[in-house]
Amino acid sequence: MSNNILSKLNKEQKEAVVNCEGPMVILAGAGSGKTRVLVYKVLYLITEQKVHPGNILLTTFTNKAAGEMLERILGLLQKNSSGVSKSNIPTVGTFHALCAKILRRDGKHIGIPPNFLIFDTQDQLDVVKQAQNTLDISPKQIRPRGVLSTISQAKNEMIESSTYANFARGFFQEAVAKIYPLYQNLLRENYALDFDDLLLETIRLFKTNENVLSFYQKRFIYILVDEYQDTNRAQYEITKLLSAKNKNICIVGDFSQSIYSFRGADFRNLQKFKKDFKNAKTYSLSQNYRSTQKILDAAFSVISNNRTHPVLSLWTQNKGGENITIFEAETEQQETEFIIGKVLEEKMRNPHLLYSDFAVLYRINAQSRVLEEVLLHHSIPYVLVGGVRFYERKEIKDVLAFLSYLSNPKNSVALKRIEKIGKRRKVMFLDYVQEFTSQNLAETKSTLEIMDEVISKISYLSLYDENIPEEKSRLENIKELRSVAVEFSNLTQFLENVALVEQEYPPASLRASMPDKNIKGEKPNAIILMTLHAAKGLEFKTVFMVGMEEGMFPHSQALLDTSEIEEERRLCYVGITRAKEKLFLTRSKRRLFFGQRATNMISRFILELPKEVLEENFIECEPYEPEFL
């Protein structure tokens, strides 16, 4: 590799790149050039160490990230005239893609045919339902989606169907213990694997066939693992098996950004790694290329309260920067009005700024409702990243269909939607319509009372399992619809308000051009709204983090568990480090949320910030000692 390429790396990056032999850990702080180090490490192995490209494996967590890395590697190799072509390149891909290739080639040794199918989520649900039907287990009593989620969690922990019964506790898990083995048998009968099986069957193949394992150990002499903090137990086992012979394994990650435990990610894999590879060297990437020092100091002050993982103190050459603003609003509407005012103020000060330079981050999807409504009212464009606009979410449209039909029984569109929800619920609902009409309940009950009654009468909430993150979000959205209902005593006025808000949504043709999950590259000129989880890996000139209150963020369900509080703190760290130039943290003293007006204490995360990085004129809060933890 020519010196001019190495000259593009800082001292820490260069050290991590040129040391290639043996196990190593690269602790890569937010915005520290992690991807650059991975790409240049592969280049260094090929051009300087003369490692054959086919002997290098680089795993990451998304097909998009893998594609971008491979493209960068090939581009730089061509510049250096290495002679590497697309027919002779390193293996770069996700764990699942790697395992699928291995099983296509060698799965026959454990009875998996080369033409096996990979079942997606809907296919898997159909198999669960088939298994429940065979076992005469009612899907109304034991929900298939909950069963599938539990099976996936078990597989992430490498608990097979034959042993799951040993761990089952309670009625639901005991039912899963019966369904799980039959689910696996049905997959086999269909020559199919689910996504978790791709990992588990590869491990089984390696452990039962030494020749196959030896083949891949000889092939992948150098192994690099990106986003190591997001690996689960099965992924850890695969990398351990593959690297057992040569021990040239390099894991890269920022354990302060481990925020996906609900997907099975386990940051403790770092501890396991250091135990299994006792002579592993550690390299730290602590120079940040994204944020100002004040933002980095704020992030460090918060994350340093965690005790269970390594924390880097990041630094930058950008020593200037503005102080962080804390804003305490009286209500959630005032909180959003403040954000809009600041955006417009910043744009007036700097005409070159785009709306897309601003991001608003929140803890749960349901918080988008107020933001959306106020932005629409002010005709300010926005993009909801990784989500659906509040009134277009399935569960919201379902509940609105019931209420619309109650208001106008001639509404055939609403009735068609109700029919799709299920025949049993339709009958239950129509029975309630008769009661509603005969007793003239529209005149005697408030909108909120009617909504709660309808949802209860038809057992709509039982459609969703709060133990499944996606479905828990749906339940939270329904609760948030109550916040709208409580503002309108009259059902007709409530429905009219919803219709007016929906009418302000941009036309479908415009929305079709707006990305919903990825906003890199060409971005629409619109304010970015997204959850803190969705923001990981992104950056913006100005970031607003809203709802900074105990019970909102950190989330109420985390307050009694030390490990969950630490994950909430890592999520806060992720949010803070998305900001390049300016950071605003906002809270509401009184918040109408889930249909109730609540007064929450200021988030402990704000109180963990150093005063030196805060605006002097922010409203001082009473010192808060957390009741728990």
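Biologist: Let's start with helix H25, residues 562-576: what span should its 15 residues have, and how far apart are its end C-alpha atoms?

Modeller: This is a predicted model, so a check of that sort is a good way in. At 1.5 Å a residue, H25 should span 21 Å, and its end C-alpha atoms are 21 Å apart, which agrees.

Biologist: And how do I read the faces of a helix?

Modeller: An α-helix has 3.6 residues a turn, so residues three or four places apart point the same way. Now look at the case here.

Biologist: How many of the 15 residues of H25 are buried?

Modeller: The count is 12, which leaves H25 mostly covered. Among the buried ones are Ile565, Leu571, Val574 and Ile576, and also charged names such as Glu566, Glu567, Glu568, Arg569 and Arg570.

Biologist: Which elements do the buried residues of H25 pack against?

Modeller: Three helices, H13 (293-303), H24 (532-535) and H26 (604-607), along with strands E10 (358-362), E13 (540-545) and E14 (579-588).

Biologist: Next, empty space. How do I find it?

Modeller: Rolling a probe the size of a water molecule over the atoms shows where empty space is left. In this model the search gives 4 cavities of 30 Å³ or more. The largest cavity holds about 80 Å³.

Biologist: Which residues line the largest cavity?

Modeller: Glu332, Glu335, Thr336, Gln367, Val370, Leu371, Glu480, Val546, Arg591, Leu592 and Phe593. Helix H14 (332-349), helix H15 (368-377) and strand E15 (591-593) each give two or more residues to that lining.

Biologist: How many residues of the lining are nonpolar, polar and charged?

Modeller: By class, 5 are nonpolar, 2 polar and 4 charged.

Biologist: Last topic, the backbone. What should catch my eye?

Modeller: Most residues other than glycine have a negative phi, and most peptide bonds are trans. Against that background, start with the bond from phenylalanine 553 to proline 554, which is cis, with omega near 10 degrees. Proline 554 sits in the loop between E13 and H25, so you can find it by walking back from the helix we began with.

Biologist: Where does serine 379 lie, and what is its phi?

Modeller: Serine 379 is in the loop between H15 and strand E11 (382-384), with a positive phi near 55 degrees. Its relative accessible area is 64%; since exposed means over 50%, serine 379 is exposed.

Biologist: And is serine 459 exposed, partly exposed or buried?

Modeller: Partly exposed, at 31% relative accessibility. Serine 459 also has a positive phi, about 55 degrees, although it is not a glycine. Look for serine 459 in the loop between helix H20 (447-457) and helix H21 (469-485).

Terms used. Residues are numbered from 1 along each chain as its sequence is written. This is a predicted model: local features need pLDDT of at least 70, side-chain atom pairs count only at pLDDT 80 or more; totals for chains, interfaces and linings use all residues. Side-chain values use heavy atoms; hydrogens and water are left out. Helices (H or I, at least four residues) and strands (E, at least two) are DSSP runs, numbered from the N terminus. The expected span of a helix is 1.5 Å times one less than its number of residues. Buried means under 20% relative accessible area, exposed over 50%, partly exposed in between (1.4 Å probe, protein chains only). Contact means heavy atoms within 4.5 Å. On a 1 Å grid over the protein atoms alone, a cavity is a set of points where a 1.4 Å probe fits but cannot get out, and a pocket is an open set with protein on both sides within 12 Å along at least five of seven lines; lining residues have an atom within 4 Å of a point. Grid points are joined across faces, edges and corners, and a volume is the space filled by probe spheres set on the points. Ala, Val, Leu, Ile, Met, Phe, Trp, Tyr, Cys and Pro count as nonpolar, Asp, Glu, Lys and Arg as charged, and the others, Gly among them, as polar.
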